[in-house]
Amino acid sequence: MIRRAESERLLAQLDVVAKGNSRTVALVGESGSGKTRLLSHLRAEAVRRGFATLSGRCTELDQYVPFSPLTPMLDNPSVVAALDRLAPARADLLRGMLTGSRPAHGAVRHEEQFRLHETVRAVVRDCAADGLVVVVDDFHWADTGSIDLLDYLVRWPVAAPVLIVLSQRPRQVSSRMRGTLAHGIETGTVEEITLGALSLHQSAELLGVPADAPMLRDLHLRSLGNPLFLLALANAMHIDTPDVAARSDGEIPERFAALLMRELATLNASQAKVAAAAAVFGDGADIEALSTVSELSAPEVCAAVDELTQRDLLRTRPGSSVFSFRHPVLSRLVYTNSSPGWRFMAHRRVFEILFRRNAPAAEQAVHIEHSLAGPSEHDLRILTRAAEDSISSAPATAAHWLRVALKALPANTADDPERVALMLRTARALAAAGQLRESRDLLRGVLRSLSGRRDGARAGVVSFCALVECLLGEYAEATGLLTAELAALPDPAALEAVDLTFVLGMVGLLGGPMPSREQAQQALRLAEAHEHRVATAGALALLGLCEALTEDLTKAGKTLTMAAVAIAELTDAELTGNPEYLAVLGWAEGMLGRYPAAERHLTRGLSIARKAGLSHVLPTILSGLSNTFRNLGQLGDARRAANEAAELANRMNAGHLRGLARLLESLSVSWTVRHGDRQAIELATSAMADLPPGSCGWSVNAMLSLAFASLLDGDPHRCSTLILGAGGGADLPGLSMAIRPMCFEMLTAAALDRDDLTSAVVFAEKAHAVAAATRLPFELGYAYLARAHVLWAKRDAVEAAALYQRAAGVFSRAGMAVVQASALTVGAPSTAAAGDHDKVEAMLSLARRLAARSGAMRIQEDVARLTHELIDMRIDQPPADPSPALSVLTDREREIARIAGTGKSSREIAEELSLSPRTVDVHLSRIYRKLAVRGRAELARLIAQDERGTRPPG
């Protein structure tokens with residue numbers, strides 16, 4: 001039951017009646033709002049409770065038949081018995097009135113009406129001995145006699161347990177009935193229950209789909225919250241719902257159409273023509289337009305409109321003289337049930353009206369599409385204007401109009417320049433709308449038409465076609481197109497070479513082979529030679545990206561600074577055609593740890609692309625923003641950007657772009673979820689499915705995202721295997737230098753988790769060597785972390801604490817709040833072991849604030865546990881009766897020492913005692929210092945001798 005609140009109010013009236021009271025309920029709602037279903041539910045519940053029930057229903061024709069809703073009730077056994085107990089004259093009067101054998105009007109009508117009303121009251125009272133429920137559906141069609149009877153019963157309620165429930169549509173209730181119900185509501189004898197529009201949540205429940213299901217919001221808005229229309233639309237759109245069994249290709253299913261068409265079945269010829277004209281016209285038509293389209297005179301149209309508005313099929317738009325259907329689904333039904341040939345000519349008549357009235361091109365285009373008989377220059381102009389008007393705000397709509405325009409274009413040959421130009425415009429609109437495959441197919445057709453040309457026009461098409469191929473993951477095809485076109489340019493110094501080379505860079509960024517630094521430098525020289533400011537800015541961004549990826553990081557930094565200056569001097573209007581320049585610049589800056597600059601440029605690129613309606617570049621920009629937001633500690637923003645990028649990529653059927661977004665989302669989620677939550681693992685696994693090893697450059701990053709999630713999930717073996725596999729060996733030659741220190745730090749941590757100190761030392765030194773070579777400050781932070789891990793494992797608490805704090809300082813200066821919070825948290829145990837407890841409290845306090853601000857729930861949990869455990873450690877005292885060898889240890893330290901003496905690792909001890917491994921390490925560090933032992937082996941010997949009651953010498 002979707003309408004629970006209304007149902008509960010209705011059923012509550014049974015409780016009122018059960019106490020011996022009489023009650024009338026007006027159930028008010030539009031057609032299809034669920035009134036009949038609620039009445040059925042009420043009748044079933046009434047029968048279950050032992051009430052007698054009487055049912056009736058009004059139809060449109062019944063408004064001329066006296067007491068039509070009461071006539072079927074004469075056959076009810078309870079009513080028959082009640083009539084038999086009446087005086088024969090009164091019973092005959094009632095039977096005669098209800099069956100039509102006695103007139104309801106005449107000279108004695110008033111007197112007989114009073115007697116009739118009293119007789120009905122008597123019958124109702126007789127039938128209500130154990131409670132009575134009278135239900136009349138569609139009472140807005142009731143005749144005058146029935147309304148008079150209702151008025152009497154409302155003013156003089158039956159003194160018996162009677163519930164009268166009348167359903168009606170609000171706009172078709174007569175003024176007399178409206179007055180009667182208003183009086184009853186005021187006096188307390190009538191309860192009105194209105195069925196309003198469904199909420200979004202109710203719509204989801206009715207369809208049996210999640211509240212965030214695709215298309216739900218659109219269906220909800222289009223149905224105007226009407227349950228019947230919602231189900232009809234969902235069925236027509238092939239939405240799989242428990243309540244919908246039939247399927248159809250975009251048409252309203254027959255069982256729903258039959259319910260809705262009942263309202264249209266009694267229309268006369270003129271009314272049907274006007275209704276069909278209104279349906280063809282669409283969004284509101286005035287009398288003149290309806291007359292022209294229907295080909296009826298104005299007086300005929302006015303008479304038909306009066307009847308259609310009275311039936312609430314058409315409504316007047318407030319403050320205007322135009323008419324439209326009360327619901328779009330009704331309009332659609334009328335439209336599809338009209339004659340196709342008549343519709344064709346009607347659309348042409350509507351177009352002529354709109355053209356004369358200088359209506360927007362998009363409104364005219366709708367009717368051109370449905371009345372296109374052949375090539376027409378006039379139609380072509382309107383369609384292309386409609387596309388121009390919508391290209392920025394609705395590129396999919398623009399693409400649609402351009403496709404229709406292709407049909408309206410006189411086609412002399414396939415190579416007709418006008419047709420080729422229109423195909424190219426259509427392809428660009430399709431790409432902007434994210435319909436990449438359709439765009440690519442058209443672009444290939446354009447290239448075939450231009451096969452004999454080698455000029456700027458063809459080069460531009462090749463650049464765009466290669467970009468679309470790249471977005472679809474066809475890197476080899478994209479690279480082949482671009483390199484062949486560069487080689488075939490008549491003038492190698494032409495400006496078109498810059499664009500072709502830049503697109504090669506986009507292919508490289510998204511997973512294909514990168515152009516060489518020499519190619520990027522040549523593109524920059526050409527752009528500068530042509531004094532083209534926009535091309536120069538793009539070439540600088542490309543060169544900076546190439547230098548960053550070829551590990552010339554010092555030069556990359558200088559080049560990207562120049563690119564940022566060049567970009568800043570350009571207006572958004574100048575960059576509208578090339579927002580990908582900002583995408584490349586932002587990604588390259590992120591590789592160098594310039595996250596504030598990257599955020600600024602990527603955000604600007606996103607704004608420009610959105611305003612221009614260029615959906616095809618949005619996933620690349622949003623993924624860059626996700627990466628940037630995560631490094632800046634804005635984890636919520638990072639996940640939202642990655643989510644949107646994945647959704648757009650999914651719509652574009654660009655699996656590799658979806659994989660890129662998922663791997664970035666995994667990296668953010670690794671921090672935001674609680675310990676034990678495997679969302680990050682699942683996202684990274686999904687990314688690897690979209691980016692299998694060797695499929696593109698980002699497949700390596702997908703492996704690294706899974707490695708990171710695995711390390712945090714407590715699986716160091718999987719982490720190491722993935723990183724070494726992605727990097728191509730222990731020196732990670734397959735990874736860029738910019739990310740090697742971070743990966744070596746993960747390998748160090750994973751090795752220590754496996755108690756492999758030897759490997760950890762090697763990885764930590766490699767991290768330091770690479771960071772020193774790159775000279776990127778934030779990479780030094782990872783090198784400090786790796787060395788600190790090793791020092792802490794060697795129980796050098798003082799040096800380890802100093803390096804952890806230095807790493808946190810590096811990340812702070814780089815604006816990397818989450819990694820800073822992690823470094824502070826990981827470093828707290830060594831600082832505690834070094835005895836600087838005040839510093840520990842400050843570190844954990846700062847880590848807590850940074851983690852809370854970033855939404856890093858995992859770090860917040862670590863901080864809370866460490867705070868509790870380290871406080872307990874400070875107040876822990878030596879036992880009162882210690883064993884001789886272990887007398888300097890506290891109870892907890894003795895417990896940990898004895899378990900460590902058995903050979904168990906820190907992680908195993910932590911699991912046994914419900915502590916964190918870091919806290920166990922703090923205890924072990926203090927144990928080694930107090931007992932003057934150098935490691936687990938000496939500790940094990942000491943424990944064994946203590947248990948035998950001896951102490952080793954020295």
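The following exercises, with worked solutions, concern the sheet and the cavities of a predicted model.

**Exercise 1.** Determine the order of the strands in the open sheet, and identify which strands stand at the edges.

*Solution.* Begin with the arrangement: five strands form an open sheet with parallel pairing, and their order is S2-S3-S4-S1-S5. Strand S2 (52–57) and strand S5 (190–195) each have a single partner strand, so each stands at an edge with one side left without a neighbour in the sheet. From one strand to the next, the twist averages 15 degrees. Turning to the edge at S2, six bridges join S2 to the parallel strand S3 (residues 132–137), and Ala52 stands opposite Leu132 in S3.

**Exercise 2.** Establish which strands helix H1 and helix H2 lie across.

*Solution.* Take helix H1 (residues 4–18) to begin: it lies across strand S1 (23–29), S3, strand S4 (162–168) and S5, and runs at about 160 degrees to S5. Helix H2 (residues 35–48) lies across S1, S2, S3, S4 and S5, with an angle of about 165 degrees to S3.

**Exercise 3.** Describe the largest cavity and the second largest cavity by volume and by the character of their linings.

*Solution.* Counting cavities of 30 Å³ or more gives three. The largest cavity has a volume of about 340 Å³, and of its 22 lining residues, Leu70, Met73, Val120, Val134 and Leu149 lie nearest its centre. This lining divides into 21 nonpolar residues, one polar and no charged. The second largest cavity holds about 50 Å³ of space; its lining, which includes Arg23, Leu153 and Thr189, divides into four nonpolar, three polar and one charged residue.

Terms used. Residues are numbered from 1 along each chain as its sequence is written. This is a predicted model: local features need pLDDT of at least 70, side-chain atom pairs count only at pLDDT 80 or more; totals for chains, interfaces and linings use all residues. Side-chain values use heavy atoms; hydrogens and water are left out. Two strands pair if DSSP finds at least two bridges between them. Helices (H or I, at least four residues) and strands (E, at least two) are DSSP runs, numbered from the N terminus. Axes are lines fitted to C-alpha atoms, for helices over the stretch in contact, and angles run from 0 to 180 degrees between N-to-C directions. Contact means heavy atoms within 4.5 Å. On a 1 Å grid over the protein atoms alone, a cavity is a set of points where a 1.4 Å probe fits but cannot get out, and a pocket is an open set with protein on both sides within 12 Å along at least five of seven lines; lining residues have an atom within 4 Å of a point. Grid points are joined across faces, edges and corners, and a volume is the space filled by probe spheres set on the points. Ala, Val, Leu, Ile, Met, Phe, Trp, Tyr, Cys and Pro count as nonpolar, Asp, Glu, Lys and Arg as charged, and the others, Gly among them, as polar.
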